[in-house]
Amino acid sequence: MLKYTIRRLLLLIPTMFFVAVIVFFLAHAAPGSPFDAKSNGDKGLPLATIERLEKHYGVNQPVHEQFLLYLSNAARFDFGNSFRSGRLVSDIIGDEFPVSAQLGIQALLVAIALALPLGVISALKQNSMVDYGSLFFATIGTTIPSFVIAIFAIYLFGVTFHLLPFVGWSTPQHWILPTIILALGPMAFLTRITRASMLEAIRQDYVRTARAKGLREQVVIVTHVMKNAMIPVATIIGPAVAGLITGSIIIEGIFSIPGIGREFLRSILGRDYPLIMAVYLLYAFLICLANLSVDLVYGMLDPRIKVGR
Amino acid sequence: MATVTTTPSQRTASERSSELNVLVRKQRSLWADAWYRLLRNKAAVLGIIIVIVFMAVAIISPFLTQWGLIHDPLKQDTPNSLMEPIWTQSKFTNANYPLGSDQLGRDILTRLLWSTQISMLVGFVPVSIIFLMGVSIGLMAGYLGGWVDQLLMRITDVIYAFPDLLFLFIIMATLRNTAIGDIQGGLLLIFVAIAIVNWVGMARLVRGQVLSLKEREFIEAARAIGAKPKRIMIRHLFPNLLAPVIVSVAFGIPNAMLAEAVLSFYGIGIKPPTPSWGVMINEGFTVFSTTAWPVLLPAVCISIVMLAFTFLGDGLRDALDPRMKL
């Protein structure tokens with residue numbers, strides 16, 4: 001198990017390297033300079049200033065040399081300074097990551113807290129009104145894109161009824177709309193998976209055995225059905241984390257939340273290379289880590305699965 | 001939901017074909033049977049109808065403009081800008097603009113109708129590329145193995161560390177100001193970008209199917225009578241892995257449409273003034289505090305199309321193989 005974990009962690013290095021290669025060369029493939037008018041919000045700088053800026057940030061060198069320099073700096077955890085603000089990239093990420101993490105964790109908790117009971121109940125009362133209701137909700141939640149739901153929610157709760165604020169992240173009231181909207185997608189997905197996996201577990205022979213030996217229904221459901229039904233559910237958390245990351249880009253953009261997602265959009269539109277690189281590497285790292293932890297938890301929950309062959 | 005049903009027609013068809021030993025007959029009846037199951041699914045039929053309606057709108061909207069039934073999607077009428085839909089009965093309505101007008105006085109109904117073109121193109125063209133690339137590479141990787149397989153697996157490792165949307169963002173943001181990004185208002189680049197991001201998933205799906213199918217007797221039989229790999233792949237493997245591929249394609253279409261909408265919404269998709277629902281939402285947001293209709297109406301359109309394709313995809317999945325899990 002330990003050996004397996006270490007091997008997987010070491011595999012992170014080549015993956016991150018290729019992510020860095022792809023993003024770096026794609027970002028630099030754009031024509032023009034990051035300091036010309038188009039990428040600079042249309043305030044044309046004098047040519048001499050552009051040249052001095054390019055020299056200062058080393059953007060005038062050949063791309064592969066820039067890449068090698070970037071790699072050697074990144075290996076020492078020096079991710080450079082943002083082209084736009086001049087601040088250290090690590091400072092910007094350090095300021096903004098907590099906001100995004102809070103949003104993501106809140107959304108994940110809301111999703112789990114609502115999806116598990118909903119999925120379990122609709123499986124236990126299959127083909128009832130509760131079941132149809134939660135299936136309907138799950139279809140809506142997985143189908144309608146979050147930015148469209150955000151638009152409707154802002155219009156309804158923000159503009160028409162003035163119930164909730166929808167710009168910024170300053171007070172807990174500001175957290176409500178973005179958290180719930182970000183949670184909807186994973187929640188709908190989790191509800192579907194929970195329901196399906198409960199229905200699968202309920203039909204197993206060991207459940208019939210448990211009932212036959214006279215166990216009370218609650219005990220059968222909790223200790224035999226749910227315990228086994230939760231195994232596939234746990235594996236969904238990995239893709240859910242990836243979903244939360246892409247979701248948070250959209251949600252932070254719409255609600256003007258000062259997190260990594262909004263920074264990502266700004267950096268990519270403004271060609272702020274050091275920030276682009278840092279954000280992509282961070283996201284790739286988080287996703288790999290989520291996948292790894294899912295694989296490890298899976299091995300622990302289900303002894304039939306052998307990880308670390 | 002996913003119940004195994006043996007209809008009388010299925011039983012007789014399989015009995016008949018086993019008696020006569022005609023493989024072709026049985027195959028056709030399986031597809032016909034899936035079609036029959038699909039048509040009994042009310043939600044799927046609703047989805048099909050909506051999709052057909054939107055496709056029809058996409059085709060006829062230029063003609064409607066030509067015949068003068070709707071406006072020109074680019075014609076500006078600034079004195080009549082930001083009109084509201086006629087049912088709101090506010091004083092800012094104009095019978096000329098039944099769904100209102102945007103900040104440049106362009107007719108929203110016309111732009112909504114014309115946008116279906118972009119959505120349908122973005123839905124179907126990249127998915128066709130993904131189908132061709134994914135199936136051919138997946139077949140080769142699964143059946144022949146070797147370097148194609150190795151390469152595919154390594155590409156998958158890296159692609160899976162990127163969520164789709166992040167990849168699309170970097171491709172679109174950097175290449176949209178190049179020559180290829182200017183073709184058809186950025187449409188070609190969107191096709192290519194969506195195809196590049198998504199063909200790997202299809203190839204993986206096909207590869208997995210091939211790996212399980214190639215151990216089956218009918219492939220062994222084909223090999224035993226001396227069929228060449230190319231023939232086995234095209235005539236024997238391909239028809240048998242088509243069912244999950246069709247389902248995957250059905251879900252790929254709304255995904256591609258959604259990607260276009262999100263990219264355009266952030267201003268790195270379709271280039272204005274070409275109308276697309278994402279572009280309309282993007283432009284509408286600048287006047288959101290004055291009137292929400294320029295944002296709400298395209299959002300409603302996106303929701304309807306997404307629901308229609310999901311109903312269709314769910315229906316296809318249940319119809320083609322009730323036990324299939326995707």
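The paragraphs below go through a predicted model, from its confidence to its interface, its core and one exposed helix.

Residues are numbered from 1 along each chain as its sequence is written, while chains are lettered from A in the order in which they are written. Because the model is predicted, local features need pLDDT of at least 70, side-chain atom pairs count only at pLDDT 80 or more, and totals for chains, interfaces and linings use all residues.

Chain A has an average pLDDT (the predictor's confidence in each residue, from 0 to 100) of 83, with 95% of the residues scoring at least 70. Within chain A, the mean is lowest, at 75, in helix H2 (residues 47-57), and highest, at 90, in helix H4 (residues 89-124); helices here are DSSP runs of H or I, at least four residues long, numbered from the N terminus.

Between the chains, 33 residues of chain A are in contact (C-beta atoms, placed from the backbone, within 7 Å) with 28 residues of chain B. Helices H1 (2-28), H5 (129-143), H6 (146-160), H9 (217-255), H10 (260-270) and H11 (273-301) of chain A each supply at least two residues of the side that touches chain B.

The largest nonpolar core (buried Ala, Val, Leu, Ile, Met, Phe, Trp, Tyr and Cys residues joined through C-beta atoms within 7 Å) holds 153 residues, of which B:Leu168 and B:Met172 touch the most other members. Helix H10 (residues 229-265) of chain B gives this core its largest share, 16 residues. Apart from neighbours within four places in sequence, B:Leu168 is in contact with B:Ala193, B:Ile194, B:Val197, B:Ala259 and B:Leu263.

By contrast, helix H8 (residues 205-212) of chain A is hardly covered, with zero buried residues among its eight, where buried means 20 or more other C-beta atoms within 10 Å of a residue's own, all placed from the backbone. After H8(A) comes A:Gly214, with a positive phi near 90 degrees.

Key:
Buried ≥ 20, exposed ≤ 12 C-beta atoms within 10 Å, placed from the backbone. Contact = placed C-beta atoms within 7 Å.
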